[in-house]
Number of protein chains: 2
Amino acid sequence: MFALDPAFLATSQALASLPLCEARLQLDARFAWIVLVPRIADAVEIEDLSVEERAMLTAEIVVAGAAVRAVGAALERPVEKLNVGQLGNLTRQLHFHVVGRRADDPAWPGPVWGQGAAEPYDSGSLATATRAAIDVLGG
Amino acid sequence: MFALDPAFLATSQALASLPLCEARLQLDARFAWIVLVPRIADAVEIEDLSVEERAMLTAEIVVAGAAVRAVGAALERPVEKLNVGQLGNLTRQLHFHVVGRRADDPAWPGPVWGQGAAEPYDSGSLATATRAAIDVLGG
């Protein structure tokens with residue numbers, strides 16, 4: 001049975017349950033950043049998904065990209081480039097990062113993973129980001 | 001019309017033309033690493049691919065993962081985890097990294113992108129890696 005790895009609870013917040021994935025907002029105000037976790041027990045790699053699940057996954061990655069762009073726009077930091085990553089070196093449960101990047105962000109042009117400490121959202125920005133993402137993802 | 005960005009020529013070597021992507025071996029002996037470049041003119045993000053192309057893409061990412069595992073096995077450094085990344089912050093042409101990771105590799109558990117300098121293959125290892133990858137990808 002699928003259960004979300006507790007590691008995600010500390011670093012992200014629920015946005016929406018998509019057909020395949022739990023979509024979560026990464027709690028790092030430096031980047032517009034959504035994490036997708038397929039609700040498939042014991043999945044670690046993309047190869048662990050069926051062909052149908054992979055099709056759902058790519059559709060949800062594209063929707064998460066649109067949501068990340070909406071978050072960036074709502075916070076007046078429009079996204080200039082999307083980055084998508086599936087690593088899982090620390091948290092094995094299969095998950096995908098969809099991250100909005102800007103040339104003035106603190107990790108540019110490198111990857112965001114493992115770069116510096118997360119910066120907490122203030123409550124107003126968190127509400128704005130959450131609302132913008134859910135408007136795109138569905139509630 | 002599609003033309004491979006010249007940036008890939010300096011850092012990788014052709015392995016196979018898959019139905020959607022050019023598959024190339026990253027010339028960095030530190031990691032078993034394949035780069036996939038969809039032959040779609042002007043594509044920058046996954047959203048620029050059609051639904052059919054996205055299905056081909058995920059299939060090719062899975063095959064590239066198997067090829068990366070074969071490279072690791074052939075070089076007696078079995079892959080323990082796959083990492084997949086689509087960044088494009090420096091080279092905009094849409095491309096995907098499929099990287100074999102090990103807990104003893106020089107970037108573990110962080111991402112490989114932007115970490116240290118590439119290490120050249122010796123000619124024997126390059127031939128072994130190339131052959132192992134092509135055996136999986138098709139020639």
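Reader: What is the handedness of the crossing of H2(A) and H3(A)?
Author: This is a predicted model, in which local features need pLDDT of at least 70, side-chain atom pairs count only at pLDDT 80 or more, and totals for chains, interfaces and linings use all residues. Residues are numbered from 1 along each chain as written, chains are lettered from A and ligands numbered from 1 in written order, and side-chain values use heavy atoms, without hydrogens or water. For H2(A) and H3(A) (helices being DSSP runs of H or I with at least four residues, and strands E runs of at least two, numbered from the N terminus), the crossing is right-handed (the near helix turned clockwise from the far one by less than a right angle), that is, right-handed.

Reader: At what angle do helix H2 and helix H3 of chain A pack?
Author: Helix H2 of chain A covers residues 51-74 and helix H3 covers residues 123-137. Their axes (lines fitted to C-alpha atoms, over the stretch in contact for helices, with angles from 0 to 180 degrees between N-to-C directions) are 8 Å apart, and the packing angle is about 145°.

Reader: Which residues of H3(A) make the contact with H2(A)?
Author: On the side of H2(A), the contact (heavy atoms within 4.5 Å) involves Val63(A), Ala64(A), Ala66(A), Ala67(A), Ala70(A), Val71(A) and Ala74(A). Facing them from H3(A) are Thr128(A), Ala129(A), Ala132(A), Ala133(A), Val136(A) and Leu137(A).

Reader: Which strands form the edges of the ten-stranded sheet?
Author: The sheet is open, with antiparallel pairing (at least two DSSP bridges between strands) in the order S1(A)-S2(A)-S3(A)-S5(A)-S4(A)-S4(B)-S5(B)-S3(B)-S2(B)-S1(B). From one strand to the next, the twist averages 25°. An edge strand pairs on one side only, and this holds for strand S1 (12-17) of chain A and strand S1 (12-17) of chain B.

Reader: What angle does H3(B) make with S1(B)?
Author: In chain A, H2(A) lies across S2, S3, S4 and S5, running at about 155° to S3(A). In chain B, helix H3 packs on the sheet and touches S1, S2 and S3. Its direction relative to that of S1(B) is about 25°.

Reader: How many residues lie between S2(B) and S3(B) in their hairpin?
Author: S1(B) and S2(B) pair antiparallel over five bridges, with Ala23(B) as the bridge partner of Ala16(B), and a hairpin through three residues joins them. S2(B) and S3(B) also pair antiparallel over five bridges, with Val35(B) as the bridge partner of Arg24(B). In the hairpin of S2(B) and S3(B), the number of residues between the strands is five.

Reader: Why is S2(B) largely enclosed by the rest of the structure?
Author: Cys21(B), Ala23(B) and Leu25(B) point one way from S2(B), whereas Glu22(B), Arg24(B) and Gln26(B) point the other way. Buried means under 20% relative accessible area, exposed over 50% and partly exposed in between, with a 1.4 Å probe and protein chains only. S2(B) is largely enclosed because its buried residues number six of the six.

Reader: Is Leu137(B) buried or exposed?
Author: Leu137(B) lies in helix H3 of chain B. Beyond four places in sequence, Leu137(B) touches Leu15(B), Ala16(B), Leu18(B), Ala23(B), Ile34(B), Val63(B), Ala64(B) and Ala67(B). Because its relative accessibility is 10%, Leu137(B) counts as buried.

Reader: What is the relative accessibility of Thr91(B)?
Author: Thr91(B) is found in the loop between strand S4 (81-86) and strand S5 (96-101) of chain B. Apart from neighbours within four places in sequence, Thr91(B) is in contact with Asp5(B), Ala7(B) and Phe8(B). Thr91(B) counts as buried because its relative accessibility is 19%.
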